[in-house]
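Please open the structure in a viewer and keep the selection tool at hand. The stops below are meant to be taken in order.

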Amino acid sequence: MVEARARGETAVLVQLDFGEGDYAERLAEFELLVASAGASKLALFQGRRQAPDAATFAGKGKVAEIASAVRSQGADLVMFNHELTAAQQRNLEQALECRVIDRPALILDIFALRAKSREGQLQVELAQLQRLSTRLVRGWTHLERQKGGIGLRGPGETQLETDRRLLGKRVSLLKERLKQLERQRAVQRRARSKGHLLSASLVGYTNAGKSTLFNALTKAGAYAADQLFATLDTTSRRTFVEDAGTIILSDTVGFIRDLPHALVAAFHATLEETASADLLLHVVDAASPDREQQITAVARVLSEIGAAQVPQILVWNKIDATQARPGVERDEYGNISRVRLSAKNGEGVDLLRAALGEAAREHAARNSTEAPEADAA
């Protein structure tokens, strides 16, 4: 898809309603994903179903409508805002006579477009190959035959078996390279922990404003844009907080609902930075009507990567768009639970810095009481 992006691919979009709720928000997010991938929407097909059709997901009648639109408008591909099985994707491509992309593949493609560091590129490639390995039967059935003919005779291995073997070797190589990078990260984390500095990670739904807030707190100049998955590579900076000293702040990849499992697995080393943090700053787009569902989606991914138990402060961002006032909220134990601010114009950022200072002092106090016990042991 990346090569074709340069010429501007055109797509027919499909989103069906299975009664899950928040349909409008899911549709708006889907269209933003499509635009982020560089495709132009030609048409949108919607409809209500009790359950997906086992063979074509959308059902024969709807597929016939989509096929007609593909032919009449000359669409390059059809995109589903759902996860398709390998069989459903194969059947749809045969019926529609064009490429079919489902939601996980679309997200993976955007990650491939955004990855800048070598580690990020390796992680995306691994996720793509792991997903492809389950779909070789779908995608490469035209190659599943014995090699033969002059210049084509082989050792008796089918092309599909060869492809599977080569793909497996590439996956193993990528995993080994990522393990090396993971070990390097672990060494860096241990070195930081020896200094007893508070480690805080910014997490949140994609496009919630994490990188803008990161820049406001650290003056780091990290890339920030109003687009999905602007940040893929974890960036860590030391920043000084008055009356508390230096802390380590990390900006991490944004999450999204239905994040492909292969992607979570491939980004294990990067996401470990989140699980090993002392504090999570969960950045929420307060102006989004879908914010509660986004909070739930982030919580689900945090649980999946083993970070559910890390202490959190909710950062209610973008109050400039909601007319809310900056402020701090505490729970029944007196701990800071939420900070309202605008990373864009700076309102309330000082309140978050104060909250980080409070957390850093508590962290230092815990370390000072634990250190003598460790020495005695």
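A crossover between two strands is called right-handed if, with the strands pointing away from the viewer, the path from the first strand over the helix to the second runs clockwise. The model on screen is a predicted one, and the first stop puts that definition to use.

**Stop 1: a β-α-β unit.** Select β1, helix α2 (residues 23-36) and β2 together. These elements make a right-handed β-α-β unit. Now hide the helix and look at the two strands. β1 and strand β2 (residues 40-48) run parallel and are joined by eight bridges. To see one facing pair, pick D17, which stands opposite R48 in β2.

**Stop 2: strand β1.** Select residues 10-17 and show their side chains. In a regular strand the side chains alternate between the two faces of the sheet. Here T10, V12, V14 and L16 point one way from β1, while A11, L13, Q15 and D17 point the other way. Is this strand mostly covered or mostly uncovered? Strand β1 is mostly covered, with eight of its eight residues buried. Residues on either side of β1 are thus named among the buried ones.

**Stop 3: the rest of the sheet.** Add strand β3 (residues 77-80) to the view. Four bridges join β3 to β1, and these strands run parallel. V14 of β1 is the residue opposite F80 in β3. Next add β4. The pairing of β3 with β4 is parallel as well and covers three bridges, with L77 opposite R99 in β4.

With these strands selected, what is the order of the four strands in the open sheet? The order is β2-β1-β3-β4, with parallel pairing. β2 and β4 (99-101) each have a single partner strand, so they stand at the edges and one side of each is left without a neighbour in the sheet. From one strand to the next, the twist averages 20°.

**Stop 4: helices α3 and α4.** Keep the sheet shown and add helix α4. α4 packs on the sheet, where it touches β3 and β4, and its direction makes about 140° with that of β4. Then add helix α3. Two packed helices are described by the angle between their axes and the distance between the axes. Helix α3 (residues 60-73) and helix α4 (residues 86-96) pack at an angle of about 50°, and their axes are 9 Å apart. Because of that angle, α3 counts as oblique to α4. The crossing of the two helices is right-handed. To see what makes the contact, select V63, I66, A67 and V70 on α3, and L92, A95 and L96 on α4.

**Stop 5: D290.** Move to the loop between β8 (279-285) and α12 (291-304), where D290 is found. D290 counts as buried because its relative accessibility is 3%, below the 20% cut-off. Leaving out residues up to four places away in sequence, D290 touches D22, E25 and R257.

**Stop 6: two positive phi values.** Most residues other than glycine have a negative phi. Select N207 in the loop between β5 (199-204) and α9 (210-218). N207 is not a glycine, yet has a positive phi of about 70°. Then go to Q323, in the loop between β9 (312-317) and β10 (327-330). Phi of Q323 is positive too, near 65°. Is Q323 buried or exposed? Q323 is exposed, because its relative accessible area is 69% and the cut-off for exposed is over 50%.

Key:
Residues are numbered from 1 along each chain as its sequence is written. This is a predicted model: local features need pLDDT of at least 70, side-chain atom pairs count only at pLDDT 80 or more; totals for chains, interfaces and linings use all residues. Side-chain values use heavy atoms; hydrogens and water are left out. Buried means under 20% relative accessible area, exposed over 50%, partly exposed in between (1.4 Å probe, protein chains only). Contact means heavy atoms within 4.5 Å. Two strands pair if DSSP finds at least two bridges between them. Axes are lines fitted to C-alpha atoms, for helices over the stretch in contact, and angles run from 0 to 180 degrees between N-to-C directions. Angles under 35 degrees count as roughly parallel, over 145 as roughly antiparallel, 65 to 115 as roughly perpendicular and the rest as oblique. A crossing is left-handed if the near helix is turned anticlockwise from the far one by less than a right angle, and right-handed if clockwise.
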